[in-house]
Amino acid sequence: MSSIRPLLLSSLLAALACALPASGRAAVSYGGYTFADIAFATDATQLEAGFVHWLTGGTVDPDDAILDAQLTGFSPTTGLANIGFPDPGVGAYANLFELDFTVLPARNAVGPDIVLFEAFGPDPYEIAVRPRGGVFTDFLTYAENSLVELAATGPLDSSPTYALEIDISAFGLPAGTVVDAIRLRALQNSFGNVEGDPFMAAVANPVPVPAALWLAVPVLVGLAAIRRRGGAGMRS
Ligand SMILES: [Ca+2]
Ligand SMILES: [Ca+2]
Ligand SMILES: [Ca+2]
């Protein structure tokens, strides 16, 4: 990374010198929400052994690069199917994943701060959040009837889709707390099955970014990609 940091620094300095306004950052709208285009998860990690069913590609196999393709960025057409489901044909599907927001973390403001998107029927989840520089909180339970139905199309043309709204305050964290990662795990739904279908997540209340720093965002996104490639594989 030593060759990367000077690049980042020079980019930041150039951006500050220009001091241009933040206009030009694209916004992305989905299901009634509007996010900055860089507000979506930048890294996805499988945290327990087991198979993963990709909603595109049709394979059932742990693979960090494919996992990122399913869950990071604005990616409503890709996702995971049936996390946690004890499929007798292939063995148990993994049911513990982490999503990191390395470019634009959330900051606890009024209302939901992070939104996790779920396909097909709504499924209940456990969610934990990580304050920046700290450790993950305990998991909180989100019942399936707490998910918000959206008039939006998801993976495999699924519609409606669902939003699980995460308010950092619910974890007992004060206003202003910065959160840069979540962990998620599907719980048993009303059909008696564990079978969550997450497909993307985004920061609704981002940390305030000085206008000039927006110009360095492409560099930050590139750094996140480099970190992903360097850290491929399943964390334990
Ligand atoms: Ca996706
Ligand atoms: Ca579902
Ligand atoms: Ca909040």
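## Around strand S15

Let's start with Arg107, which sits opposite Val178 in strand S15. That match belongs to an antiparallel pairing in which two bridges join strand S9 (residues 106–107) to S15. Strands here are DSSP runs of E with at least two residues, helices are runs of H or I with at least four, and both are numbered from the N terminus. Two strands count as paired if DSSP finds at least two bridges between them. This is a predicted model, where local features need pLDDT of at least 70, side-chain atom pairs count only at pLDDT 80 or more, and totals for chains, interfaces and linings use all residues. Residues are numbered from 1 along each chain as its sequence is written, while chains are lettered from A and ligands numbered from 1 in the order in which they are written.

S15 also runs antiparallel to S8, with four bridges joining the two; there, Phe97 has Leu184 in S15 as its bridge partner. Strand S11 (residues 125–131) pairs with strand S15 (residues 178–186) too, antiparallel and over seven bridges, and Pro131 is matched with Val179 of S15. S11 pairs with strand S12 (residues 140–142) as well, in the antiparallel sense over three bridges, and Ile127 finds its partner in Leu140 of S12. How much of S15 is covered? Most of it: seven of its nine residues are buried, meaning that 20 or more other C-beta atoms lie within 10 Å of a residue's own (12 or fewer is exposed, in between is partly exposed, and C-beta atoms are placed from the backbone).

## A four-strand sheet

Next comes an open sheet of four strands, in the order S13-S14-S10-S16, with antiparallel pairing. Strand S13 (148–150) and strand S16 (198–203) are at the edges with a single partner strand each, so one side of each has no neighbour in the sheet. On average, neighbouring strands of this sheet are turned by 30° against each other, direction ignored. For such angles, axes are lines fitted to C-alpha atoms (for helices, over the stretch in contact), and angles run from 0 to 180 degrees between N-to-C directions.

Inside the sheet, five bridges join strand S10 (residues 114–118) to strand S14 (residues 161–166), and the two run antiparallel. Phe117 faces Ala163 in S14 across this pairing.

## The nonpolar core

Which residues touch the most other members of the largest nonpolar core? Ile114 and Ala201 do, in a core of 50 residues. Such a core is a set of buried Ala, Val, Leu, Ile, Met, Phe, Trp, Tyr and Cys residues joined through C-beta atoms within 7 Å. Among the elements that each supply at least two residues of this core are helix H2 (64–71), strand S5 (80–81), S10, S15 and S16. In soluble globular proteins, nonpolar side chains tend to be buried together.

Apart from neighbours within four places in sequence, Ile114 is in contact with Ala106, Ile166, Val179, Ile182, Ala201, Val203 and Ala204. A contact means that the C-beta atoms of two residues, placed from the backbone, lie within 7 Å.

## Two loop residues

Asp113 lies in the loop between S9 and S10 and is buried, with 25 other C-beta atoms within 10 Å. Its contacts beyond four places in sequence include Asn108, Asp167, Val179 and Asn205. Asp113 and Asn205 are 92 residues apart along the chain, yet their C-alpha atoms are separated by 4.7 Å.

Then there's Thr102, in the loop between S8 and S9. Thr102 counts as partly exposed because it has 17 C-beta neighbours inside 10 Å. From C-alpha to C-alpha, Thr102 and Thr42 are 6.1 Å apart in space and 60 residues apart in sequence.

## The whole protein and its confidence

Stepping back, the protein has three helices and 16 strands, and 36% of its 236 residues count as buried. Of the contacts between residues at least 6 apart in sequence, 77% join residues at least 24 apart.

The mean pLDDT (the predictor's confidence in each residue, from 0 to 100) is 84, and 77% of the residues reach 70 or more. Where does pLDDT stay under 50? Residues 1–24 are one such stretch, with 22 contacts beyond four places in sequence in the model, and residues 231–236 are another, with eight. Where pLDDT is low, the predicted coordinates should not be read in detail.
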